[in-house]
Amino acid sequence: SLFSRKPKESKAVSHNATGWRLFGKTENREEDPRGELAAEMSPQQQEEEAKDLCSSSSPQCPQAAGRRKNLEFEPLSTTALILEDRPSNLPAKSMEETQRHKLEYEEMVAGAKRREMKEAQKKKRQMKERHRQEDSISNAMVIWNNEILPHWDTMKGTRRVRELWWQGLPPGVRGRVWSLAIGNELNITPELYEIFLSRAKEKWRSYSETSSVNDNESDGGASLADRESSLDLIKLDISRTFPSLFIFQKGGPYHDLLHSVLGAYTCYRPDIGYVQGMSFIAAVLILNLEEAEAFITFANLLNKPCQMAFFRVDHELMLKYFTSFEIFFEENLPRLFGHFQTNSLTPDLYLIDWIFTLYSKSLPLDVACRVWDVFCRDGEESLFRTGLGILRLYEDVLMQMDFIHIAQFLTRLPDDLQPQTLFTAMANTHMISRNRRWAQVFSAVMKDGNIKEAEKSSSPALRS
């Protein structure tokens with residue numbers, strides 16, 4: 001009875017009555033004789049008549065109420081409802097306003113259709129590109145498994161293989177190619193890995209029992225103390241490794257595996273111990289290799305001259321790498337090079353983090369794996385070429401930034417970075433300076449010392 005005072009049925013009498021209508025005109029409904037009579041009644045008389053009707057024929061009362069409700073409001077959609085006519089207590093729309101509203105509605109519908117078509121075309125292109133990539137990966141897998149890997153030593157240096165390598169390794173063979181390319185100069189065996197893993201577990205057990213580092217151990221001295229300290233640091237650092245994946249955090253499927261590989265390496269090389277950044281390199285290898293093979297590849301990778309210089313924090317050698325990098329930086333991007341000099345932004349502020357983790361922390365994981373592909377093909381030169389490619393790709397953005405914003409931007413690069421975009425920028429980066437390639441420039445820096453090359457490159461890193 002709450003709404004009984006409203007003359008609801010009178011709204012269905014005439015086609016011109018006000019009400020909700022959807023996408024156009026509603027059908028004319030048959031006139032109800034009671035509607036005309038109700039229009040002449042007062043609200044009190046309508047209420048009394050409604051009560052009499054319900055009392056005389058109670059089974060029909062719910063149906064009549066439902067019918068009146070439907071006459072007033074019959075939506076066909078919950079998302080495209082429009083009010084064509086105004087309520088009776090408001091002035092009626094003019095013809096101009098009605099026409100304008102009609103045009104606005106038609107434009108709204110047309111715009112929605114255009115957006116739907118555009119989205120459908122975008123999805124179609126994405127699906128087509130995905131199928132193309134899947135076909136390409138499938139074909140590459142056949143070539144790598146049947147033609148290249150069985151004859152690795154003779155095929156790895158051919159032009160065809162190097163071109164396929166640049167395009168990206170198929171995930172199914174990526175780990176094996178990385179392992180073959182990095183090699184095993186240290187002659188580490190799976191049995192040796194088990195030995196150092198057992199030693200690491202023993203140290204973890206004794207460390208947890210004593211809850212402190214025992215500096216008086218008979219077989220280690222300072223090196224053992226450092227090793228135990230870095231072993232404890234591993235536990236803290238693993239949780240920071242690819243946190244968005246949730247697979248290396250405590251309770252994840254790869255947490256213990258990563259912990260084992262890093263602990264075994266710390267016992268294998270106590271002179272280096274565990275250094276922050278190692279966890280990202282080990283994690284990428286674990287995602288592509290079995291446990292023992294990941295450890296072998298990890299140990300041999302860190303034994304490369306460039307990685308050894310950075311993980312042992314050899315300042316003099318690191319500065320020579322920075323000097324060589326800035327020579328190519330100035331050759332390729334003189335405008336951005338000058339901007340960095342103006343803001344006193346030295347290479348150590350971004351290159352150290354990039355090289356410590358082989359870009360796996362700063363770049364999206366799929367892009368970082370492509371960078372690793374080329375690193376295994378070209379060696380340390382590709383690390384600095386990748387850095388120059390990143391600077392080239394974001395040159396216009398970086399030119400508008402100051403010192404703080406540049407450092408923050410280069411520490412964590414955009415998540416939407418696409419591999420093809422980066423590799424196009426890298427392809428446009430020339431690693432030749434005065435007819436000398438990277439190895440020749442770096443060799444010259446090593447022979448001539450810092451002064452001559454610093455004068456050529458005006459390296460702010462060396463001046464500092």
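This report walks through some helix packing, a few individual residues and some backbone angles in a predicted model.

**Helix α14 and its partners**

Let's start with α14, which covers residues 315–332. One of its partners is α18, residues 380–393, and here the two axes sit 11 Å apart at an angle of about 45°. Angles between 35 and 65 degrees fall outside the parallel and perpendicular classes, and α14 and α18 are therefore oblique to each other. As for handedness, α14 goes past α18 in a right-handed crossing. On the α14 side, the contact is built from Y321, F325, F328, F329 and N332. The α18 side brings E380, F384, G387, L388, L391 and R392. Sorted by class, that contact of α14 with α18 comes out as seven nonpolar, two polar and two charged residues.

Another partner is α16, residues 348–356. The axes of α14 and α16 come within 11 Å, and the crossing angle is roughly 110°. With 65 to 115 degrees as the perpendicular range, α14 and α16 are therefore roughly perpendicular to each other. From α14, the residues involved are M318, F322, F325 and F329, and they meet D348, Y350, L351 and I352 of α16. The class count for α14 with α16 is seven nonpolar, no polar and one charged. If you're clicking through the residues, F325 and F329 turn up in the contact with α18 and also in the one with α16.

**Helix α15: which face is buried?**

Which residues of α15 are buried? In this helix, residues 334–342, they are L336, F337, H339 and F340. Looking down the axis of α15, these buried residues fall within an arc of 160°, so they line one face of the helix. P334 and T342 are on the other side of α15, and both are exposed. After α15 comes S344, with a positive phi near 55°.

**Two helix residues with contacts far along the chain**

P190 belongs to α8, residues 190–210. Its relative accessible area is 40%, and because partly exposed means between 20% and 50%, P190 lands in that class. Once neighbours within four places in sequence are set aside, P190 is in contact with A292 and I296. The pair P190 and A292 is 102 residues apart in sequence, yet their C-alpha atoms are 5.4 Å apart in space.

S260 is in α10, residues 255–268. Is S260 buried or exposed? At 12% relative accessibility it counts as buried, since the cut-off for buried is under 20%. Not counting residues up to four places away in sequence, S260 touches Y193, L197 and E291.

**Positive phi outside glycine**

Two loop residues are worth a look for their backbone angles. F246 has a positive phi although it is not a glycine, and N435 likewise has a positive value in a residue other than glycine. Here they are side by side:

| Residue | Phi | Loop | Relative accessibility |
|---|---|---|---|
| F246 | about 60° | between α9 (221–238) and α10 | 62%, exposed |
| N435 | near 65° | between β1 (432–433) and β2 (436–437) | 74%, exposed |

Where does N435 sit? Its place is the loop that joins β1 and β2, and the residue is exposed there. F246 sits in the loop between α9 and α10 and counts as exposed as well.

Notes. Residues numbered from 1 in each chain as written. Predicted model: local features only at pLDDT ≥ 70, side-chain atom pairs only at ≥ 80, totals over all residues. Heavy atoms only, no water. Axes fitted to C-alpha atoms, helices over the stretch in contact; angles between N-to-C directions. Helix = DSSP H or I, 4+ residues; strand = E, 2+ residues; numbered from the N terminus. Parallel < 35°, antiparallel > 145°, perpendicular 65-115°, else oblique. Left-handed = near helix turned anticlockwise from the far one by under 90°. Contact = heavy atoms within 4.5 Å. Nonpolar A, V, L, I, M, F, W, Y, C, P; charged D, E, K, R; others polar. Buried < 20%, exposed > 50% of the residue type's maximum accessible area, 1.4 Å probe, protein only. Arc of directions from axis to C-beta.
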